[in-house]
Amino acid sequence: MVDSQHLLQHTEQQDVENSIQNPITSTSKSSQKKLALLPLIFLIYFEVAGGPYGEEAAVGAAGPLFAILGFTVFPFIWSIPEALLTAELATTFPGNGGFVIWANEAFGPFWGSLMGFWKFFCAVINLASYPVLCIDYLKVIIPALSSGIPHTLSIFISTMFLSFLNYSGLAIVGYSAVALGVVSLSPFLLLSLISLPKIDPSKWLSFGQEGVKKDWTLYFNTLFWNLNFWDSASTLAGEVDQPQKTFPKALFYSGMLTCFGYIVPLLAATGAMELDQKNWSGGYFADVAEIIAGKWLKFWMEIGAVLSIVGLFEAQLSSAAYQLLGMADLGFIPRIFGDRSKKFNTPWMGILVSTIIALAMSFLSFTEIISTVNFLYSLGMLLEFASFLWLRRKFPSLKRPFEVPLGMKGLILMCLVPSVLLVYVMSVATTTVFVASAFLTSVGILLYYFMHLCKAKKWVEF
């Protein structure tokens, strides 16, 4: 009996090792130009942050002290565990699909498919937030974009243009992200340097203005939205040059860039400015730049915001499209989603579907968008943490190019703290967000069984 169990375990081990050593390839020719370390660093950076744009709401919701504490402490209890998990699993299962593959290996096709739909819905809804955030900045310069037909038209045109850029190739997107990152961060570096003589450290200790009620839901959603999605680039693992070596390095450097990119400008702005809490909302950094340095820096920051959003959109769209490609490779969705453009070698169907859904969601407000994204992302991350722990238990001797240096008890503790945060984020969701998330989860479950029916009836090729 013992020998039989040992043989079964050994066989399962060999199956997984074979699947890792011979990863699933796309249904058409895979990309010959692999992503190198530098473009991957900036793609991960744009998956997660893209600059301090959007963090202003944390000050408006809870005051300078809590905003500073949030962007200082939250990376240690949330971002680092997620990044470590991603580094281990992306290097162990280096194929397009990322977290879909992890859940599938841990718990089977149902949970792998549901993970895929959760994360995909989350990604495309998130895509809709970037044009909205872009308009929040541009309307300061062009007031006509605030509402009506110009507002709607600007979102449509920008979304279509950025989607076509993504279609032109992942290598182009990767190196464009490097340039966009440098240019979009430059005005914040200047703002921080110019603010130095004006900084009063006592202003950092402010709990907020008297009479301004704390909005903890907005506060935590803002922190969460600005510091998650570390696992999104895992869906590009099949496109990365030597992912076992490249991914851990890219996650480390992008993590450093993200943390400093948030906290340094926040310290400079809150320390040099008199607090007017009601003004601290999306786009306010541009006003801060004008007050501290002049209109020239405000204009540069507005341009930087637009370029940052281009990077955010491109990185997230790439992740979503290649995730669908990975799901097609696994047989969860029709084969056509694994097809690549003959000219640019990109997953054209994934890009098209993601763009259409993002446009459909763009009517929501920025706050509604990030709340729905956070809820769906929380569901996916709870499953991701469970998959991570179960794979460690299921395949303890599996070769892992990068391994989190903790035993099982340490890993459980590492996953427990962020899991509590995930549950809290879901518990403070509004009824609208809860209903929307429940509906999308139901859609994901129905799609899983509908795909099974399509496969059984041979209605579509898988």
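The points below concern the surface, one enclosed helix and the salt bridges of a predicted model.

1. On the surface, a nonpolar patch of about 720 Å² is formed by I141, I142, V182, V183, W296, F299, W300 and I303. Two helices, α8 (170-195) and α12 (295-329), each contribute at least two residues to this patch, and α12 gives the most, with 4 residues. One of the patch residues, W296, is placed in helix α12 and has a relative accessible area of 45%, so it is classed as partly exposed.

2. Helix α5 (residues 99-107) is largely enclosed by the rest of the structure, because 8 of its 9 residues are buried. The buried residues in α5 are F99, V100, I101, W102, A103, N104, E105 and A106, a list in which charged and polar side chains appear beside nonpolar ones. Just after α5, G108 adopts a positive phi of about 105°.

3. Of the 12 salt bridges that the structure holds, one joins K119 to E384, with the closest N and O atoms 3.1 Å apart. Since K119 lies in helix α6 (residues 109-141) and E384 in helix α14 (residues 366-394), the pair ties together parts that are 265 residues apart in sequence. Both partners fall under the 20% cut-off for burial: K119 counts as buried at 5% relative accessibility, and E384 is buried with a relative accessible area of 0%.

4. A salt bridge between the side chains of K278 and D276 has an N to O distance of 3.0 Å. Here K278 counts as exposed, at 66% relative accessibility, whereas D276 is partly exposed, with a relative accessible area of 24%.

5. E461 and R335 also form a salt bridge, and their closest N and O atoms are 3.8 Å apart, which lies within the 4 Å limit used for such contacts. This pair links distant parts of the chain, 126 residues apart, with E461 in the segment after α16 (431-457) and R335 in the loop between α12 and α13 (348-361). As for accessibility, E461 is exposed, with a relative accessible area of 55%, while R335 is partly exposed, at 29%.

6. Beyond the individual pairs, E88, R392, R400 and E403 are joined into one network by salt bridges that share partners.

Conventions: Residues numbered from 1 in each chain as written. Predicted model: local features only at pLDDT ≥ 70, side-chain atom pairs only at ≥ 80, totals over all residues. Heavy atoms only, no water. Patch = residues over 30% accessible without salt bridge, like charges linked within 9 Å, V, L, I, M, F, W, Y side chains within 5 Å. Areas by Shrake-Rupley, 256 points an atom, 1.4 Å probe, with all protein chains shown as cover. Buried < 20%, exposed > 50% of the residue type's maximum accessible area, 1.4 Å probe, protein only.
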